[in-house]
Amino acid sequence: MFTESIQVSCAPNGVPLRISWNGCDYRLVAEPQRWFERRKWWDENLRIPRGIGAGLVDYEIWRLEITPAMSRGPMQSIDVSFDPQSTRWRLIRVNQEMPIGA
């Protein structure tokens, strides 16, 4: 697991539509999947003021199945996270590459 900045274009409801990563544009080839993971807040030196917890206790994670927008290439599965405090997207995992049609 790692983090890297990534550009994500979203629908008005916040669902990812397209991404730019490493100088390339990608399109989604499947419905994005969303879940939340608990942050290890007990290991962090972070004090959270009462009433402000959204995005600080849980990470919003999206699994995106992508392929290059302008060429045929392998489909990849990546996991990205949105940070509501900084309004930035981070690439956190690159999953196994899959042949198209898998």
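**Exercise 1. Determine how strand β1 is joined to strand β7, and name a bridge partner.**

Strand β1 (residues 4-10) and strand β7 (residues 88-94) run antiparallel and are joined by 3 bridges; strands here are DSSP runs of E with at least two residues, numbered from the N terminus, and two strands pair if DSSP finds at least two bridges between them. Within this pairing, I6 has W89 of β7 as its bridge partner.

Before going further, note that this is a predicted model, in which local features need pLDDT of at least 70 and side-chain atom pairs count only at pLDDT 80 or more, while totals for chains, interfaces and linings use all residues. Residues are numbered from 1 along each chain as its sequence is written, and side-chain values use heavy atoms, with hydrogens and water left out.

**Exercise 2. Establish how confident the prediction is, and where confidence is lowest and highest.**

Begin with the chain as a whole, whose average pLDDT (the predictor's confidence in each residue, from 0 to 100) is 82, with 75% of the residues scoring at least 70. Then turn to the named elements: confidence is lowest in strand β4 (residues 33-38), at a mean of 89, and highest in strand β2 (residues 16-21), at 95.

**Exercise 3. Trace the strands that pair with β5, and decide whether β5 is enclosed or open.**

First, take strand β3 (residues 24-28), which pairs with β5 in the antiparallel sense over 3 bridges, Y26 having P68 in β5 as its bridge partner. Second, β4 pairs with β5, also antiparallel, over 6 bridges, and here R38 stands opposite D58. Third, β5 and β6 run antiparallel and are joined by 7 bridges, with R63 partnered by D79 in β6. Finally, consider burial, where buried means under 20% relative accessible area, exposed over 50% and partly exposed in between, with a 1.4 Å probe and protein chains only: because 8 of the 11 residues of strand β5 (residues 58-68) are buried, the strand is largely enclosed by the rest of the structure.

**Exercise 4. Describe the connection between β6 and β7.**

These two strands run antiparallel and are joined by 6 bridges, D83 standing opposite R88 in β7. They form a hairpin with 4 residues between them, and in the turn T87 has a positive phi of about 55°.

**Exercise 5. Work out the surroundings of I78.**

Locate the residue first: I78 lies in strand β6 (residues 76-83) and is buried, with a relative accessible area of 0%. Next, list its contacts (heavy atoms within 4.5 Å), which, not counting residues up to four places away in sequence, include I6, W21, W62, L64, L91 and V94. As for L91, this residue is 13 residues from I78 in sequence, yet the C-alpha to C-alpha distance is 7.4 Å.

**Exercise 6. Classify the aromatic pairs.**

Rings of Phe, Tyr and Trp (its six-membered ring) pair if their centres lie within 6.5 Å, and planes under 30 degrees apart count as stacked, over 60 as edge-to-face and the rest as tilted. The whole structure holds 2 such pairs. In one, the rings of W21 and Y26 have centres 5.9 Å apart and planes at 45°, so the pair is tilted; W21 is buried at 9% relative accessible area, and Y26 is buried at 12%. In the other, the rings of F82 and W89 have centres 5.0 Å apart and planes at 45°, so this pair is tilted; F82 is partly exposed at 22%, whereas W89 counts as buried at 9%.
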